[in-house]
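Reader: I am new to this structure. Please take a close look at one part, the surroundings of the ligand, and describe it in one connected account.

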Amino acid sequence: MARPHSTLLVVAGLAAASVSAQAAIPESLVPPQQTWSFDGPLGRFDQGSLQRGFMVYDRICSTCHGMKSLTYNDLRGIGMTQQAITDLAHSKMIAGPPDVTGQPTMRPGLPDDHFRSPFPSDAAAAAVMGGVAPPDQSRLAAIQPHGADWLYAFLTGYKMPPPAGAPMVPGKLYNDWVDGHLIGMPPPLMNGMIQYPDGTPATVEQQARDVTTFLVWASDPHRNERHRIGVSTVLYLLFLLGLAIAWKLKTWKRAKAQ
Ligand code: HEC
């Protein structure tokens, strides 16, 4: 008898935990809902947006934020060719083994290397960044309660100058979507700061949308594949169901005929 009770307790506990996780965000920080191609059980990442989003990450965000969970080879998942991946990895200088005199060395990256982190440690990053280290972006979209919607709102939510009456602290900027409205990250996006090879106009909103798509993909790189397998499995089960019904009808027809 203990078993159903403990299962119930676990379920109740999980429900309570998820409710309190949601409740932890003040109403004013719940971002407006956006439409994303990857939403829902049939959602798929838009490859064009993923590639543009990686460009934003690579050119802008990666100067301050690491993304340790991905290797350059993982970029095959956003449609990059092996040659482009090898060239990209090669263009990054990564810490190598110490030389014979014990001095640190650098070497060009290889496709199997994890994304290069911009700082050797969080402490080094914090020292340069006014006391707060930029968080690693591997799971950023997954750990935020409203992941994609919040990231988009946050990246487009800086106000300069801040609204009248807003708190002001030197070295901090005003953003509608962070607790306390102050953040140590300068606004990373500007209209036209990069040029997309596919000709999409690089507005702040477009860059925010693309880099958000890339960050959601990075925190769950196998979503497209999983959804594809899910759909084929359901189709296969429907096919089996059809066979079972046909078989049942046939058997009963024969039974009734006798
Ligand atoms: C100049 C360095 C710099 C660049 C470039 C930069 N960031 Fe940051 N970022 C930071 C720092 C520093 C923090 C921590 C700030 C704090 O907590 O006050 C941060 C924090 C964040 C946070 C967490 C905010 C929170 O409240 O949890 C997100 C999300 C983020 N950055 C996304 C991005 C994205 C996406 C890009 C690229 C478009 C980017 N950053 C580019 C320095 C940078």
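Author: Ala, Val, Leu, Ile, Met, Phe, Trp, Tyr, Cys and Pro count here as nonpolar, Asp, Glu, Lys and Arg as charged, and the others, Gly among them, as polar. The model is predicted: local features need pLDDT of at least 70, side-chain atom pairs count only at pLDDT 80 or more, and totals for chains, interfaces and linings use all residues. Residues are numbered from 1 along each chain as its sequence is written.

The shell around the ligand holds 19 nonpolar residues, three polar and no charged. A residue is near the ligand if its C-beta atom, placed from the backbone, lies within 6 Å of it. Of the 22 residues around the ligand, those that come nearest are Cys61, Cys64, Pro134, Gly184 and Met185. With three residues, helix α6 (residues 147–155) gives the most to this shell; helices (H or I, at least four residues) and strands (E, at least two) are DSSP runs, numbered from the N terminus.

In the unreviewed UniProt entry, the annotation "binding site" covers Cys61, Cys64, His65 and Met185. These residues span 125 residues in sequence, yet no two of their C-alpha atoms are more than 10.8 Å apart, so they gather at one spot. Such annotations may be inferred rather than shown by experiment.

Cys64 lies in the loop between α2 and α3 (82–90). Cys64 has 18 other C-beta atoms within 10 Å, so it is partly exposed, whereas Met185, in the loop between β4 (182–183) and α7, has 20 and is buried. The cut-offs are 20 or more for buried, 12 or fewer for exposed, and partly exposed in between. Leaving aside residues up to four places away in sequence, Cys64 touches Pro118, Met129 and Pro134, contact being C-beta atoms, placed from the backbone, within 7 Å.

Note on methods
Two residues are in contact if their C-beta atoms, placed from the backbone, lie within 7 Å.
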